Amino acid sequence: MTEAIAHLEPVNIWFVKPFHLSGGRDIQVITAADLPSFKLPKFNIIQAGVENIQLMAGKKFTSRIYVLLWDQQVYLFDDGFVVVHAPQYEKGSTDYSIQVDHRGYESAQSAVEMRLASALPAFDQTMEKATTATQKILPVLAEAIAATSSKRYILLGIDYLRLEDGNIRFIEINAIPNFVHSPKINKMLNIPFFEHTMRIMFGLESDRFRQIA
């Protein structure tokens with residue numbers, strides 16, 4: 001908490017995340033004013049909030065790319081998905097439904113919406129920025145990459161936010177990402193991802209992966 005209070009850049013909101021849970025479960029959003037009296041729960045981390053984000057129809061959305069670590073090499077898949085939250089975004093809000101909640105994305109009747117990342121404007125530029133950002137964090141993944149072989153692999157889901165200026169900000173690396181989403185995302189993204197993962201591993205050609213390390 002001391003490091004958060006002494007953060008060099010002004011940050012209005014902070015995300016408190018249990019690192020053993022997924023899907024947004026038990027995440028809290030607190031204000032900078034809450035920091036001095038806040039007690040960080042066990043097995044939680046605290047993360048500075050990002051507020052200069054792009055919106056979609058006035059709503060917050062998060063994006064994910066897929067990365068394959070295999071045989072000491074790193075591959076980036078050529079598409080990903082975005083999750084558009086249901087409520088209108090309010091800068092500075094600590095409301096869980098605005099900042100975090102994306103339950104119900106698998107249902108066609110849900111107000112939470114999933115889209116292919118490739119359907120968004122400036123997708124090619126965003127993927128180039130995601131490639132560069134992934135390459136920059138390779139030292140963090142060095143131990144995991146070194147543990148891979150021709151028979152050992154890791155599939156990562158890296159979540160990021162698109163910023164107002166067109167840049168991106170990584171917010172989370174999922175070592176056990178969920179691959180059960182809406183029927184459209186399952187069919188057009190997840191199934192092809194696994195197909196081409198197997199193609200890479202069996203030495204077949206794949207036009208969906210880009211080797212970045």
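**A hairpin, two cores and a pocket**

Leucine 161 sits across from arginine 169 of β9. That pairing belongs to a predicted model, and the hairpin of β8 and β9 is a handy place to start looking around. The two strands run antiparallel, and 6 bridges join them. Between the strands come 5 residues, and in this hairpin glycine 166 takes a positive phi near 95°.

Next come the nonpolar cores. In soluble globular proteins, nonpolar side chains tend to be buried together. Here, the largest nonpolar core counts 25 residues, and the ones touching the most other members are Ile65, Val67, Val74 and Phe170. At least two residues of this core come from each of β5, β6, α3 (123–136), β8 and β9. Apart from it there's another core, this one of 18 residues, including Leu68, Phe77, Phe81 and Phe193.

Back in the largest core, phenylalanine 170 has plenty of company. Setting aside neighbours within four places in sequence, phenylalanine 170 is in contact with Ile65, Ala130, Ala133, Thr134, Ile137, Ile158, Asp159 and Tyr160.

Phenylalanine 193, from the 18-residue core, is found in helix α5, which spans residues 183–201. Its relative accessible area is 0%, and because buried means under 20%, phenylalanine 193 counts as buried. Not counting residues up to four places away in sequence, phenylalanine 193 touches Tyr66, Phe77, Leu155, Phe179 and Phe209. Of these contacts, Phe77 also turns up among the members of the 18-residue core. Serine 37, on the other hand, is 45 Å from phenylalanine 193 in space, C-alpha to C-alpha, and 156 residues from it in sequence.

Then there's the empty space. Rolling a probe the size of a water molecule over the atoms shows where empty space is left. The largest pocket comes out with a volume of about 1100 Å³. It is lined by 44 residues, of which Gly23, Gly24, Asp159, Glu172 and Asn174 are the closest to its centre. Asp159 has come up already, as one of the contacts of phenylalanine 170.

Quite a few elements chip in to the lining of this pocket: β1 (13–18), β3 (44–48), β5 (59–70), β6 (73–84), α2 (96–99), β8 (153–162) and β9 (168–174) each supply at least two residues. The largest share, 5 residues, comes from β9. Sorted by class, the lining has 22 nonpolar residues, 14 polar ones and 8 charged ones. So β9 shows up throughout this tour: β9 pairs with β8, supplies at least two residues of the largest core, and gives the pocket lining its largest share.

Conventions
Residues numbered from 1 in each chain as written. Predicted model: local features only at pLDDT ≥ 70, side-chain atom pairs only at ≥ 80, totals over all residues. Heavy atoms only, no water. Helix = DSSP H or I, 4+ residues; strand = E, 2+ residues; numbered from the N terminus. Buried < 20%, exposed > 50% of the residue type's maximum accessible area, 1.4 Å probe, protein only. Contact = heavy atoms within 4.5 Å. 1 Å grid on protein atoms, 1.4 Å probe; cavity = no way out; pocket = protein on both sides within 12 Å on 5 of 7 lines; lining within 4 Å. Points joined across faces, edges and corners; volume = space filled by probe spheres on them. Nonpolar A, V, L, I, M, F, W, Y, C, P; charged D, E, K, R; others polar. Core = buried A, V, L, I, M, F, W, Y, C linked by side-chain atoms within 4.5 Å. Pairing = 2+ DSSP bridges.
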